[in-house]
Amino acid sequence: PAGPVPEALRALRSSGLPLVLMADVCLCEYTTHGHCGILDGERIANDRSLARLADAAVAYAAAGADIVAPSAMLDGQVLALREALDQAGHGDTAIMAYASKHASALYGPFRDAAGSTPAFGDRRTYQMDPANGREAMRELMTDADQGADILMVKPAISSLDLLALARQRFDLPLAAYQVSGELAMLEAAAERGWIDRRRAGLELLTAIARAGADILITYLAADAARWLREENR
């Protein structure tokens, strides 16, 4: 409860701003090894980690989070959070599940900035193989069955096919996360004068929305909001 995320949530909630507050729920930022859960040797201790993720989600909800977003990609994480939140009296706190999250090469800029690159190995034992679309659909279905209120695909541009399939199969709101590597490619090309940053940025976001996303999570959010306001004047 005294950690940086609950402190930030309380400050935002007390500000009076008309915000929906969302909090990512993972353990990687709080470990020396950079993996997303408690280790048993060099493997994730799944069930022990679920209990700590649930504790974090309850702390975030108590601090003012409207939505918690488990991103560790551990088996049963959505159900663990739902049960813990309900038992703690936070039944109205929604869960946005990182349901289809690939072990992607496109997270690099974020990991460098956050210092969250694993100290050994990688996250391919619990994040998904980008080539396995069938597993992605199973994960989306599992999280929906366990009580997720919103389903997410990540990264966005390399998951447009999965997003379109999910739109056909689920009535839940769908989110897509345009990750740091996707933005880095856009910024690098724009800096070299190869593309128009504004036009290309809006085109990429439009493609994500067209594929079925109701919610776009992107580092371009502030710029895109300004561009859209200017176009609609």
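Helices (H or I, at least four residues) and strands (E, at least two) are DSSP runs, numbered from the N terminus. The model described here is predicted, with local features requiring pLDDT of at least 70 and side-chain atom pairs counted only at pLDDT 80 or more, whereas totals for chains, interfaces and linings use all residues. Residues are numbered from 1 along each chain as its sequence is written, and side-chain values use heavy atoms, with hydrogens and water left out.

The pLDDT is the predictor's confidence in each residue, from 0 to 100. For the protein chain its mean is 88, and 86% of the residues reach 70 or more. Within that chain, confidence is lowest in helix H4 (residues 108-114), with a mean of 63, and highest in helix H8 (residues 197-211), at 97.

A suitable place to begin is the sheet, for which two strands are said to pair if DSSP finds at least two bridges between them. Strands of a sheet pair through backbone hydrogen bonds, either parallel or antiparallel. Here the sheet is open and has 6 strands in the order E1-E4-E5-E6-E7-E8, with parallel pairing. Its edges are strand E1 (22-25) and strand E8, each of which pairs on one side only. From one strand to the next the twist averages 25 degrees, where axes are lines fitted to C-alpha atoms, for helices over the stretch in contact, and angles run from 0 to 180 degrees between N-to-C directions.

Following the order inward from E1, this strand pairs with strand E4 (residues 67-70) in the parallel sense over 4 bridges, and Val25 has Pro70 in E4 as its bridge partner. E4 in turn pairs with E5 in the parallel sense over 2 bridges, where the bridge partner of Ile67 is Ala94 in E5.

Burial is described by relative accessible area: buried means under 20%, exposed over 50%, and partly exposed in between (1.4 Å probe, protein chains only). In strand E5 (residues 94-101), 8 of the 8 residues are buried, so this strand is largely enclosed by the rest of the structure. In a regular strand the side chains alternate between the two faces of the sheet. Strand E1 shows such an alternation, in that Ala23 and Val25 point to one face and are buried, while Met22 and Asp24 point to the other and are not.

Charged side chains provide a second set of links. Side chains of opposite charge can pair when their charged atoms come close. With a salt bridge taken as a side-chain nitrogen of Lys or Arg within 4 Å of a carboxyl oxygen of Asp or Glu, a search of the whole structure finds 9 of them. One of these joins the side chains of Arg167 and Asp214, at 2.8 Å from N to O. This pair links distant parts of the chain, 47 residues apart, since Arg167 is in helix H6 (residues 160-169) and Asp214 is in the loop between H8 and strand E8 (215-218). Arg167 is partly exposed, with a relative accessible area of 28%, and Asp214 is also partly exposed, at 49%.

Another salt bridge brings together the side chains of Glu187 and Arg197, at 2.9 Å from N to O. Because Glu187 lies in helix H7 (residues 180-191) and Arg197 in helix H8, the pair ties together parts that are 10 residues apart in sequence. Glu187 is partly exposed at 21% relative accessibility, as is Arg197 with a relative accessible area of 26%.

Asp223 forms a salt bridge with Arg226, their closest N and O atoms being 3.2 Å apart. Both residues lie in helix H9 (residues 221-231), where they are 3 residues apart, about one turn of the helix. Arg226 counts as partly exposed, at 36% relative accessibility. Glu187, Arg197, Asp223 and Arg226 are linked in a network of salt bridges.

One peptide bond also deserves attention. Most residues other than glycine have a negative phi, and most peptide bonds are trans. The bond from Lys154 to Pro155, however, is cis, with omega near -5 degrees, and Pro155 lies in the loop between strand E6 (150-154) and H6.

Finally, toward the start of the chain, Ala2 is found in the segment before H1 and counts as exposed at 63% relative accessibility. Ala2 and Ala63 are 61 residues apart in sequence, while their C-alpha atoms are 9.7 Å apart in space.
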